[in-house]
Each structure stands twice: as C-alpha cells, then as structure tokens.
Amino acid sequence: MAYRENVSNDLENYANILKAIAHPLRIAIIELLDEKDGMSVTSIYEKLGIEQAVASHHLGILKNKGVLVSSRAGKNMIYQLRHKQISQVLSSLEKFVD
C-alpha cells in the first residue's frame with residue numbers, strides 16, 4: 001500500500017506542476033527566466049508588456065507550486081527557476097504544436 005501512496009503522491013505533484021505552468025503568461029515567464037539567471041518583477045512585467053499586478057499574480061502561482069524560487073536583493077525580489085529542466089518540458093511540448 002505504501003508504494004501505491006508514493007506513486008499517487010508523485011503523480012499529484014506532477015499534475016500540480018503542470019497546472020502551474022499551464023498558462024501562456026506563466027510559460028512566457030518561465031522562458032524569460034530560462035534566458036536569465038534571475039529577474040525582478042519589474043524586469044519581467046516590462047519585458048512582457050503586462051501590468052505589475054498581473055506579473056506578481058503569476059509569479060506567486062509559480063513560486064507556490066515550486067516552479068520558481070525567489071530571493072531579496074535590496075528592495076527587489078529576484079525570481080529564478082527552481083530547476084532549469086522545466087524549460088525542457090516546454091521545449092518538448094513544441095513538438096506537439098503544428
């Protein structure tokens with residue numbers, strides 16, 4: 001029974017990560033952060049041409065689901081990908097788009 005529970009927990013974690021990245025803006029944020037070592041909220045929303053509140057909302061989702069990590073640099077929060085391999089997941093999806 002313990003094996004089945006572990007597998008079930010893993011699958012639940014995978015689903016949560018996929019749900020977290022399943023939004024065009026969140027994918028764009030991940031792609032930006034894959035190119036840079038870390039970015040502030042300001043840099044992200046300016047680069048994407050969106051409002052600060054929208055960027056913060058999506059960054060919060062990604063951080064809460066474990067896709068991103070953040071650290072403070074003075075007044076700014078700097079966001080980074082927790083695992084660079086998440087961009088490989090997105091790259092793999094490109095093969096399914098016509």
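## Exercises on a predicted model

Let's start with Lys84: with a relative accessible area of 40%, Lys84 is partly exposed. Keep in mind that this is a predicted model.

**Exercise 1.** Work out which residue pairs with Lys84 in a salt bridge, and what parts the pair ties together.

*Solution.*
- Step 1: Look for the partner. Lys84 forms a salt bridge with Asp34, and their closest N and O atoms are 3.9 Å apart.
- Step 2: Check the cut-off. A salt bridge needs the nitrogen within 4 Å of a carboxyl oxygen, and the count by this rule comes to 1.
- Step 3: Place both ends. Asp34 sits in helix α2, while Lys84 is in the loop between β3 and α5, so the pair ties together parts that are 50 residues apart in sequence.
- Step 4: Check the partner's surroundings. Asp34 is partly exposed too, at a relative accessible area of 31%.

**Exercise 2.** Test whether the span of α4 agrees with its number of residues, then find where its buried residues lie.

*Solution.*
- Step 1: Take the 13 residues of α4. At 1.5 Å a residue they should span 18 Å; the expected span uses one less than the number of residues.
- Step 2: Compare with the model. The end C-alpha atoms of α4 are 18 Å apart, which agrees.
- Step 3: List the buried residues of α4: Ala55, His58, Leu59 and Leu62.
- Step 4: Look down the axis. The buried residues of α4 fall within an arc of 105°, so they line one face of the helix.
- Step 5: Recall the helix rule. An α-helix has 3.6 residues a turn, so residues three or four places apart point the same way.
- Step 6: See what comes after. Gly66 follows α4, and its phi is positive, near 85°.

**Exercise 3.** Decide whether His58 is buried or exposed, and say what it touches.

*Solution.*
- Step 1: Find His58 in helix α4, residues 52–64.
- Step 2: Read its area. His58 has a relative accessible area of 7%, so it is buried, given that the cut-off is under 20%.
- Step 3: Leave out residues up to four places away in sequence; His58 then touches His23, Leu25, Arg26 and Ile29.

**Exercise 4.** Describe the largest nonpolar core and say which element gives the most to it.

*Solution.*
- Step 1: Start with the count. This core has 19 residues, and Ile30, Leu33, Leu62, Val67 and Leu68 have the most contacts inside it.
- Step 2: Go through the elements. Those giving two or more residues are α1, α2, α3, α4, β3 and α5.
- Step 3: Pick the top giver. That's α2, with 4 residues.
- Step 4: Zoom in on Leu68. Beyond four places in sequence, its contacts include Leu33, Leu59, Leu62 and Tyr79.

Note on methods:
Residues numbered from 1 in each chain as written. Predicted model: local features only at pLDDT ≥ 70, side-chain atom pairs only at ≥ 80, totals over all residues. Heavy atoms only, no water. Buried < 20%, exposed > 50% of the residue type's maximum accessible area, 1.4 Å probe, protein only. Contact = heavy atoms within 4.5 Å. Core = buried A, V, L, I, M, F, W, Y, C linked by side-chain atoms within 4.5 Å. Salt bridge = Lys/Arg side-chain N within 4 Å of Asp/Glu carboxyl O. Arc of directions from axis to C-beta.
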